[in-house]
Structures are given as C-alpha cells and as structure tokens.
Amino acid sequence: MSSLRLMQSWKQSVEKARKRRHIVGSIVVAVIVVATVVVVVVVVVVVVVIVVVVVIVVVDICAMVSSSRNFRTDFLEEWPTPGTAPIFDSSMQSNFTGLVGKTVHLVCKVKNLGNRTVSWVRHRDVHLLTVGRYTYTSDQRFEAQHFPHTEDWTLKIRYPQRKDSGIYECQISTTPPVGRTVHLTIVEPVTIIVGQPDLFVNKGSTINLTCIVRYAPEPPPMMVWSHNSGIINFDSPRGGISLVTEKGPETTSRLMIQKAVPSDSGIYTCEPSNANPSSIKVHVVNEEHPAAMHHGDGSSSYATTKPTCFIILIMANLVKGMIEQQQQQQQQHF
C-alpha cells in the first residue's frame with residue numbers, strides 16, 4: 001500500500017511540475033510578443049519622425065531657393081548701373097482706345113530702372129493703383145503685370161467702362177518722382193442707320209436702308225431687322241426684300257425693299273445682337289405729289305425747285321443781254 005501511495009504522490013508531483021512549466025512557457029511567449037509589438041511601434045514612430053523631419057528640411061530648402069531667386073530677380077538684377085538714370089521709352093504710344101467690356105492694357109516701358117519701382121496712378125481721383133508687381137486698389141478689375149528681365153510695366157483693366165476713360169500716369173520712384181501720362185478712351189458700340197431720322201422715297205422705287213455698327217468688341221453674330229416692331233420675313237408673299245451683311249471692324253447690313261408701296265411706310269429698326277438698336281422712319285410718297293423730300297442731313301428739296309431754276313435762268317439771260325447791249329453802244333460811240 002505504501003508503494004502505491006508513493007507512486008501516486010510522484011505522479012501528482014510530475015503533473016504539477018508539467019503545469020508549472022506550461023504556465024511559465026505561456027508567460028514567456030506573451031512577454032516576447034508584447035516586446036516585439038513594442039519594438040515595432042517604436043520603429044514605426046522613429047520612421048515617421050524621420051520622414052517628417054526630412055519633409056520639413058526639404059520645404060525649408062525650397063523656400064530658401066525661391067527666396068534667393070526672388071532676391072536676385074527683384075534686387076540684384078535690378079541694381080542700378082553706375083552713371084545711368086531711369087528713362088521712359090518715348091516711342092511707346094500715349095493714347096489708348098478700348099471697348100466697353102473688353103480687357104485693355106496700358107503699357108509703360110522704362111529703361112535703366114535699377115532698384116526703383118514703377119507705379120500706376122489714376123489722375124481722376126489721384127488714386128494709386130499699382131506699385132511694382134502689386135495692386136493697391138480694391139477694384140479687382142485692375143492688375144499690375146510685369147515679367148522679369150523685361151522693361152514693360154503694364155496696367156491691365158478688365159471689363160472697362162466709359163467711366164474708366166481719362167488720364168493715367170506711369171511713375172518712377174526717383175527723387176523727385178518722374179512720370180509719363182497716357183490717355184485712355186473707352187468707347188461703346190454704336191449703331192446708326194444712314195438717313196436718320198426720316199427718309200422719304202417715291203412709290204415704286206427701292207427702299208435702301210444701311211445699318212452700320214461701330215466699336216463692337218466683335219462683329220455682331222446676328223443683325224435683326226424689324227418693321228413696326230415686327231421682324232421682317234424675307235420669305236413673305238410680298239417678295240422683293242433682300243439683306244446683305246458685311247462683317248468686319250465696322251459691320252454693315254443693307255436692307256433693300258423693291259417696288260415700294262404705301263404699306264411699306266413705318267419705322268424700321270436694325271438690332272445687332274451685341275449693340276443697341278437704331279431706328280429710322282420711312283415715308284413712301286406718291287411721285288406725282290412729291291411734297292418736301294427730307295433727307296438724313298435735314299435738308300429738303302421742294303417741288304418748286306425746277307420753276308425756281310427756270311426763273312433764275314431767264315433772269316441771267318436778261319442780265320447777259322443788257323450787258324451785251326451796253327457793250328455794243330460803247331463800241332458805236334467810239
């Protein structure tokens with residue numbers, strides 16, 4: 001019995017030792033795993049820090065290079081040449097014409113500028129618009145333009161209006177400052193019909209209306225003609241109506257209506273798609289009773305023109321006869 005108890009006790013001891021070894025092994029494995037995770041995290045953090053540092057260094061280097069380039073462009077390369085003074089290029093134009101709504105550029109050319117700056121000033125309100133390449137106005141239509149290694153200093157005006165017309169000054173920051181003025185004229189599209197405001201034509205003749213569009217930013221895509229507020233139908237049963245349009249710096253549209261009748265009288269309107277319309281009043285009169293024939297320049301021709309000319313001709317002949325008679329009498333006297 002004692003040997004059996006000893007055997008059981010020995011087995012229990014072995015089992016307990018085995019369990020203890022298993023627990024210790026699990027703990028060691030857990031410690032190793034945790035240590036590995038910690039090492040990996042530390043390595044990742046170190047790598048991220050290194051990357052951030054590298055990025056910061058690269059950004060600083062790029063900023064230094066850019067600053068160095070700007071310094072050379074804005075300062076070193078514009079350092080005044082000994083013995084020279086800035087002067088304006090007098091060959092540049094001083095009168096500029098722009099169209100309403102179309103960007104205009106005022107250009108000023110300066111030689112030997114050195115380290116001085118060029119400004120644009122509007123005379124109307126003595127407003128400083130630009131200094132160098134910087135704009136000093138809240139009106140975002142104005143912008144300073146200058147490209148390195150060039151002598152041109154440009155004032156760019158977007159969407160100009162008639163109110164922008166006037167005198168502008170390109171000014172150099174010398175002591176005292178020197179400037180050169182330029183004059184800007186902004187024009188808007190104009191539509192006219194030759195012969196305005198009234199045109200008289202004989203019945204049976206051809207109505208010839210010419211519409212001219214000037215100062216448009218581009219040739220009008222469409223030219224619409226109307227008669228008494230109704231768009232003219234060129235395919236109407238009346239017939240004899242034609243239109244010829246020539247596009248260019250000045251767009252011309254000619255409306256021709258053959259064999260005019262009284263119903264053709266009325267107000268004709270020419271309406272470009274990118275300019276204001278213009279109208280003319282046409283009167284179709286009977287040829288037998290041509291009362292006052294008014295023309296576009298306001299002059300008039302009356303039915304009494306021919307009798308008046310005939311009377312003048314008779315009087316001229318009478319005067320001529322009297323002069324000749326006096327000459328003959330003088331010759332006989334001598």
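This short presentation describes one helical segment and a group of paired strands in the structure shown above.

Good morning, colleagues. Please bear in mind that the model is a predicted one.

I begin with the helical segment. In the UniProt record, an unreviewed entry, residues 26-59 carry the annotation "transmembrane region". In the model, that span is 100% helix and 0% strand. The C-alpha atoms at its two ends are 50 Å apart.

I now turn to the strands, and to strand 13 in particular, which comprises residues 207-214. How many of its 8 residues are buried? The count is 6, and the strand is accordingly described as mostly covered.

Strand 13 has a partner in strand 11, residues 190-193, and the two run in the antiparallel sense with 4 bridges between them. Within this pairing, Ile212 of strand 13 is found opposite Ile192.

Strand 13 also pairs with strand 17, which spans residues 251-257. This pairing is likewise antiparallel, and it extends over 7 bridges. Here Cys211 has Ser253 of strand 17 as its bridge partner.

Let me close with a residue of strand 17, namely Thr251. Is Thr251 buried or exposed? Its relative accessible area is 1%, and a residue under 20% counts as buried, so Thr251 is buried. Which residues does Thr251 contact, once neighbours within four places in sequence are set aside? Among them are Cys211, Ile212 and Val213, and strand 13 covers residues 207-214. Thr251 is further in contact with Pro219, Pro220 and Met223, as well as with Thr245 and Glu246.

Thank you for your attention.

Methods:
Residues are numbered from 1 along each chain as its sequence is written. This is a predicted model: local features need pLDDT of at least 70, side-chain atom pairs count only at pLDDT 80 or more; totals for chains, interfaces and linings use all residues. Side-chain values use heavy atoms; hydrogens and water are left out. UniProt positions are given in the numbering used here, feature names are shortened, and annotations may be inferred rather than shown by experiment. Buried means under 20% relative accessible area, exposed over 50%, partly exposed in between (1.4 Å probe, protein chains only). Two strands pair if DSSP finds at least two bridges between them. Contact means heavy atoms within 4.5 Å.
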